[in-house]
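User: I want to learn how to read a ligand site and a few backbone features. Please show me the model and take it step by step.

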Amino acid sequence: MIQKADRLNEVKEYYFSKKLREVAALKNEGRPIINIAIGSPDLAPPLNVIEAVNNAMQIPNVHQYQSYQGIPELREGIGKFYKDYYQVDLNPNNEILPLMGSKEGIMHISMAFLNKGDQVLIPNPGYPTYASVTKLVQAEPILYNLKEATNWLPNLEEIENQDLSKVKMMWINYPHMPTGAEATKEHFKKLIDFAKKYNILIVNDNPYSFILNDSPTSLLAVEGAKEVAVELNSLSKSFNMAGWRVGMVVGNSKILKTILQVKSNMDSGMFLGIQKGAVEALNLTKDWFEKQNKIYKKRQALVWKIFDALDCSYNKNIGGLFVWAKLPKGESAEQFTDTLLYEKDVFITPGTVFGSNGEGYIRASLCVSEEVFKEVLERVTTVKSKL
Ligand SMILES: Cc1ncc(COP(=O)(O)O)c(C=O)c1O
């Protein structure tokens, strides 16, 4: 048997990749599983976005390789989007790099900046990809605590009490997944000061700005942020385009040039039709988000009812594509979600997927219809006594 690479020794298969096989097996047995675990928007992008892709099929060079940096129209669209919604000025020539989803950016940035043995500050709880990619490039994840008591914001004092001499990068993600917590400009300012003090590259992963959130905020809106920070963003959740794979990294031109050094060796440009569709999406006005959020608001209210039925507590002032809830005291997240899966045919995410600080919590996504949530409510209400 050919030996796998050492870099895989500490990287497990992605939780959902494994768990979805288990869910598929249950479905094959005829079980009516409802999946409210995953944040893959079920709603469609607007019609004009889809039309733009269809129309692109008539463009003579549509089937050819495209620019490694995306078409100028897309970079300009991203620039206008950042100006309109985040009040951030970006130069479309060198401060914007379109990506095929923000997830690939996590790998590109890590490959561009991390050497073996470098340390990376990673939120606990947080998106699991930050730690696994760090391990894949043979750097070392240093988890920092996010706690409910401090609104899931980094405790910089606690972080500064550690030896930071090997830390080269820090991942932050606000609005935060899985908790939905938000950071203000003041919080971002403190993080930028911290990054400057310790010469750390700070990356804000920002794909959830527009879901049940009235005040989209960018790390780059802080003065001087571009010296030490870049930001990832994505059309996946904002425009229901998760499967299209369109994201971006924006900020410091020198940092972006270094990322392009990796990226240009990995892909050969994004399909033109997708880029044209993305341009249309980025041009949508605020009422697009208002329309989406009306739907999400109704779903969120149903999830709250589901969590009430399960005796879980949650914060009604928090938005986002998920509802993060605290389990009754002493409950284990994985046991609780497995009981729901095997006894109620409802698949929901245990908080431990996002790190040890997720123990005692569960996460539901808002990506199914009201009818489906009503069915979940019925199932959990009738079986509550068993859980
Ligand atoms: C925090 C966070 N970052 C990045 C991503 C990846 O998004 P994209 O579809 O842009 O690759 C996700 C997807 O679920 C996410 O939750």
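Analyst: Start with a term. A polar contact is a pair of N or O atoms within 3.5 Å; within protein, one must be able to donate a hydrogen and the other to accept it, and residues adjacent in sequence count only if both atoms are side-chain atoms. This is a predicted model: local features need pLDDT of at least 70, side-chain atom pairs count only at pLDDT 80 or more, and totals for chains, interfaces and linings use all residues. Residues are numbered from 1 along each chain as its sequence is written, and side-chain values use heavy atoms, with hydrogens and water left out.

User: Which backbone atoms meet an oxygen atom of the ligand?

Analyst: A polar backbone atom of serine 102 is 2.8 Å from a ligand oxygen. For lysine 103, a polar backbone atom is also 2.8 Å from an oxygen atom of the ligand. On the side-chain end, a polar atom of aspartate 205 lies 2.5 Å from a ligand nitrogen. The ligand alone exposes 400 Å², and the protein buries 90% of that (accessible areas by Shrake-Rupley, 1.4 Å probe).

User: Which residues come nearest, and what classes make up the shell?

Analyst: A residue is near if one of its heavy atoms lies within 4 Å. The ligand has 14 residues around it, with Asp205, Tyr208, Ser234, Ser236 and Arg245 nearest. For classes, Ala, Val, Leu, Ile, Met, Phe, Trp, Tyr, Cys and Pro are nonpolar, Asp, Glu, Lys and Arg charged, and the others, Gly among them, polar. The shell has five nonpolar, five polar and four charged residues.

User: How do I read the sheet with strand E9?

Analyst: Strands (E, at least two residues) and helices (H or I, at least four) are DSSP runs, numbered from the N terminus. Two strands pair if DSSP finds at least two bridges between them. Here three strands form an open, antiparallel sheet in the order E9-E12-E11. Strand E9 (322-326) and strand E11 (349-350) are the edges, each pairing on one side only. Five bridges join E9 to strand E12 (residues 361-365). Tryptophan 324 stands opposite arginine 363 in E12.

User: Where are the cis peptide bonds?

Analyst: Read omega. Tyrosine 174 and proline 175 are joined by a cis bond, omega about -5 degrees. From methionine 177 to proline 178 the bond is cis too, with omega near 20 degrees. Proline 175 sits in the loop between strand E5 (167-172) and helix H7 (185-198). Proline 178 lies in the loop between E5 and H7.
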